[in-house]
Amino acid sequence: MSFDPVFTFGTIAAAALIGFGVSHAIDGTPSRSRVPTATAELVALTPGSFEHPQPGEFLRDNHPVPAPVAKETIDTPLEIMKFQVTASDYDRCVSDGACKPADSRLVGNVPVTGVSFLDAQAYANWLSAKTGETWRLATDVEWAYGAGERFRADIEGGDGDPADPARRWLAQYRNEAALGRKADPEPRPLGEFGTNSKGVADIAGNVWEWTSTCYAHVTMTSDGVASSLSNCGVHVVEGFHRTYMSNFIRDGKSGGCAVGTPPDNLGFRLVHERGGFLQAALRRLGLT
Amino acid sequence: MLTRREALLGSVLTAAAVATIGSTPVMAAAKDVAGLPREKVTLVAPPFVHAHDQVAKGGPKVVEFTMTIEEKPLVIDADGTQLNAMTYNGSIPGPLMVVHEGDYLELTLINPDTNTLAHNIDFHAATGGLGGGALTLINPGEQVTLRFKATRSGTFVYHCAPGGAMIPWHVVSGMSGAVMVLPRDGLKDEKGKPVRYDRIYYIGENDFYIPRDEQGKFKKYDSAGDNYDDTVKVMRGLIPTHVVFNGKAGSLTGENAMKAKVGETVLIVHSQANRDTRPHLIGGHGDFVWEGGKFANPPAKDMETWFIRGGSAGSALYTFRQPGVYAYVNHNLIEAVELGATAHFTVDGKWDDDLMMQVEAPKAIAS
């Protein structure tokens, strides 16, 4: 049971914190005081390409293989929250009745944690409605792009040996154990984990982040993907490492099959759709 | 104050116990024992077990052990939850002591003056004197030496039992361990044929009862005495906040996972001093299981899950036949997964397709 990512990681738990702010996006709107303002910074990532290990489980010739690396391209500027959504930001959504209270009892300028994929989505929907703009979770590719040098993919067990499936299990187990990451459960104030080369803060700290990418089983042939079956009841979670969690999980930590590095906490940050900004301005001018 | 009250309770108990022992022929026995060979054993922290012979060499002897009691805060889960632990020799559980039937186990128990409470030890393997509890109560700054004869073979719990309400509190604060008394000619299967083990691991399971604050968060206390009133309230609910192996959720996983090889025979000794449990090796079995722990009874064979009564220690012998990662759990899976009672084995060796193989990997359902 340690090898099924859903069981392994889905039951382990993580809590998520989300902190972000959008004050720049709401200038002049009468509802200003009701939108999050604590951490309004967005980072605009310039377009580019990068090599990216794909998310999911991959099979070739009936046995598991490491995730293939593909060239991914971000072709338009990507605006992503510099910080994770904060507890106080999230509380506003709760006060509006659009979000369920998070499991974490922390308040203020710390990432909101103890939130599920469903909570993160509810928050994005609420914020979009509130601001008249489009806010959403990043895809796995977008998140990895923003994470830059701090991105770490799944913990791999290498090529499966068709004659001995246990080798890969043991390798993966030992790779994960060898990282030696100690549990670090207490969320810290925004910025405590520093900023990466792209100006994005707190990547790979102690809050793993929800993405909009679904878990998938991919069967490959030597010249590419033969078939792929997604399970959108489980989403990609990113942080110190990439893992997969059921949509309703709020705490990634507990769990008997956890090996070395279950997510300490589950939180999120959002991507801002650029088009939405323009549309909102037009809307304010009565042009739409 | 707590210390005094405890000491008082303890001394009353001791007096009563001594009175009931009456006219034991202590002198003659002591004289006989004085002539026996002595062996001094240095204990090691679980899940490991000190070196020992599976079949006794020579006749009965006196096996000497020393344990120092340590009161100290210990973290018991990944959230950093703290237990004001009371420990035998610094570990939860205390070390496994191995002797042979007919040997004398002689323990020197030390309660340093850095501790704040009175402690003692009750050996389920011992006869009389409240398992030794009546003769071992020591205050901080004292030490005591107890000897008892290992009259029957098996795995047996030991625990602190300093009187009244102190007993369960000390036990759920970590004060338990186990003794293994091997038959002089070693372990035997149900037909009396000798069986041996290549490795031995000792797992102590504990139920902890950590009080929570108004927000539901686990509380932290400066000292053991400070938590007493709150902890007893949680204990009386009989629902543990943690059920863990070797003192902490995740103590036997990752880098600390137990190790074995295909073809090796492992003896897993499992104790629970307070509460029933049901060990299960996921993907393996108990080839021979001494569920009640006593080796004079034939072992049960081919068990899937075995029952360890609260207040006892049992053992399971298993020869690994397939490599991989095995989870060893309390098969109340809520306790295993949510409360912490999970350990892992990593087993190296050659995979056997005859025992198992994936005939076809996951793929879309054929239409």
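## Asn227 and its surroundings

Let's start inside helix α4 of chain B, which covers residues 224–236 and contains Asn227(B). Everything described here comes from a predicted model. Asn227(B) counts as buried because 22 other C-beta atoms lie within 10 Å, and the cut-off for that label is 20 or more.

Which residues does Asn227(B) touch, leaving aside its neighbours within four places in sequence? The contacts are Asn84(B), Pro211(B) and Tyr221(B). The pairing with Asn84(B) links distant parts of the sequence: 143 residues separate Asn227(B) from Asn84(B), yet their C-alpha atoms are 7.9 Å apart in space.

## From Asn84 into strand β2

Asn84(B) takes us to the strands, since Asn84(B) is the bridge partner of Pro73(B) in β3(B). Strand β3 of chain B spans residues 82–88 and pairs with β2(B) in the antiparallel sense, over seven bridges. Together, β2(B) and β3(B) make a hairpin with six residues between them. In its turn sits Gly80(B), with a positive phi of about 85 degrees.

β2(B) has other partners to look at. Strand β1 (residues 38–40) of chain B pairs with strand β2 (residues 62–75) of chain B in the parallel sense, through three bridges. One place to find this pairing is at Lys40(B), whose bridge partner in β2(B) is Glu64(B). β2(B) also runs parallel to strand β5 (residues 104–111) of chain B, and seven bridges join the two. Among the bridge partners here, Val62(B) is matched with Tyr104(B) of β5(B), and Thr66(B) is matched with Thr108(B) of β5(B).

## The two faces of β5

Which side chains of β5(B) point to the buried face? They are Leu105(B), Leu107(B), Leu109(B) and Asn111(B). The side chains alternate along β5(B), and Tyr104(B), Glu106(B), Thr108(B) and Ile110(B) point to the other face and are not buried. If you are following the bridges, note that Tyr104(B) and Thr108(B), both on that other face, are the residues already met as partners of Val62(B) and Thr66(B).

β5(B) also pairs with strand β7 (residues 142–149) of chain B, this time in the antiparallel sense and over eight bridges. Here Leu105(B) stands opposite Phe148(B) in β7(B).

## Chain B as a whole

Stepping back, chain B holds five helices and 21 strands. Its C-alpha trace spans about 80 × 60 × 30 Å along the principal axes. The radius of gyration is 22 Å, which agrees with the value near 21 Å for a compact globule of 367 residues.

Of the 367 residues of chain B, 46% count as buried. Among contacts in chain B with a separation of 6 or more, 76% are between residues 24 or more positions apart. The contact between Asn227(B) and Asn84(B) is one example of a link across the sequence, with the two positions 143 residues apart.

## Where chain B meets chain A

Finally, the contact between the chains takes 29 residues from chain B and 29 residues from chain A. On the side of chain B that touches chain A, at least two residues each come from β20 (324–330), α5 (333–337) and β21 (342–348) of chain B. Which element gives the most to this side? That is β20(B), with four residues.

The residues on this side of chain B divide into twelve nonpolar, ten polar and seven charged.

Methods: Residues are numbered from 1 along each chain as its sequence is written. Chains are lettered from A and ligands numbered from 1 in the order in which they are written. This is a predicted model: local features need pLDDT of at least 70, side-chain atom pairs count only at pLDDT 80 or more; totals for chains, interfaces and linings use all residues. Two residues are in contact if their C-beta atoms, placed from the backbone, lie within 7 Å. Ala, Val, Leu, Ile, Met, Phe, Trp, Tyr, Cys and Pro count as nonpolar, Asp, Glu, Lys and Arg as charged, and the others, Gly among them, as polar. The radius of gyration is taken over C-alpha atoms; the globule rule is 2.2 Å times the number of residues to the power 0.38. A residue is buried if 20 or more other C-beta atoms lie within 10 Å of its own, exposed if 12 or fewer, and partly exposed in between; C-beta atoms are placed from the backbone. Two strands pair if DSSP finds at least two bridges between them.
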